[in-house]
Structures are given as structure tokens and as C-alpha cells.
Amino acid sequence: MADIIKDEEDPTEEYLLQDNKKTRFGATFIVITLIILILAVVATYFVVGF
């Protein structure tokens, strides 16, 4: 089974994500975007009032 995050010292090539600056930025960007979208849906729910 593949590892989730590859450490620099680990020689295996079976991994999904690398532990570097680009991967951390991308993951952080995606998480923040998802949080903003969830907050927008909740705010729309309260404004429209379903």
C-alpha cells in the first residue's frame, strides 16, 4: 500500500504526496477554499431561510 506523504529520507517511490513547500501550499489553499465555500453555503442558508 502506498504511503500518504513521502519523507525525504524514505527511498520508496510509492507515495501520494511529497513533503515539500509546493505540496503544503497546495493543500493549505484547498483546505482554505473548502472552508470558505462551506461558510458561503451556511451564510446563504441563513439569508434565504430554507
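These legends accompany close-up views of a predicted model of one protein chain.

**View 1. The whole chain follows a β-β-α pattern.** Start here to get your bearings: the chain has one helix and two strands. Reading along the sequence, the order is β-β-α. Of its 50 residues, 0% count as buried. The chain exposes about 4800 Å², and carbon and sulfur atoms supply 69% of that area.

**View 2. Helix α1 has 28 residues.** How far does α1 reach from its first C-alpha to its last? The span is 40 Å, close to the 40 Å expected at 1.5 Å a residue. Follow the backbone to the point just after α1 and you will meet Gly 49, which takes a positive phi of about 80°.

**View 3. Phe 25 and Phe 29 form a stacked aromatic pair.** A search of the whole structure finds two aromatic pairs. In the pair formed by Phe 25 and Phe 29, the rings sit 6.3 Å centre to centre, with 20° between the planes. Where do these two residues lie? Both belong to helix α1, four residues apart, which is about one turn of the helix. In an α-helix there are 3.6 residues a turn, so residues three or four places apart point the same way. Are Phe 25 and Phe 29 buried or exposed? Both are exposed.

**View 4. Tyr 45 and Phe 46 form an edge-to-face pair.** Here the ring centres of Tyr 45 and Phe 46 are 5.4 Å apart. Why is this pair called edge-to-face? The planes of Tyr 45 and Phe 46 meet at 70°, and the label applies because planes over 60 degrees apart count as edge-to-face. Tyr 45 is partly exposed, with a relative accessible area of 45%. Phe 46, at 63% relative accessibility, counts as exposed.

**View 5. Five side chains make a nonpolar surface patch.** Which residues contribute to the patch? Phe 25, Phe 29, Ile 30, Leu 34 and Leu 37 make it, and the area is about 560 Å². You will recognise Phe 25 and Phe 29 from the stacked pair.

**View 6. A closer look at Phe 29 in helix α1.** Phe 29 lies in α1, the helix that covers residues 21-48. Why does Phe 29 count as exposed? Its relative accessible area is 52%, so Phe 29 falls in the exposed class, which begins over 50%. Phe 29 is also one of the residues that make the nonpolar patch, and its ring stacks with that of Phe 25.

Terms used:
Residues are numbered from 1 along each chain as its sequence is written. Side-chain values use heavy atoms; hydrogens and water are left out. Patches are made of residues with over 30% relative accessible area and no salt bridge: like charges are joined within 9 Å, nonpolar side chains (Val, Leu, Ile, Met, Phe, Trp, Tyr) within 5 Å. Accessible areas come from the Shrake-Rupley method with a 1.4 Å probe; for residues, only the protein chains shown count as cover. A salt bridge is a side-chain nitrogen of Lys or Arg within 4 Å of a carboxyl oxygen of Asp or Glu. Buried means under 20% relative accessible area, exposed over 50%, partly exposed in between (1.4 Å probe, protein chains only). The expected span of a helix is 1.5 Å times one less than its number of residues. Rings of Phe, Tyr and Trp (its six-membered ring) pair if their centres lie within 6.5 Å; planes under 30 degrees apart count as stacked, over 60 as edge-to-face and the rest as tilted.
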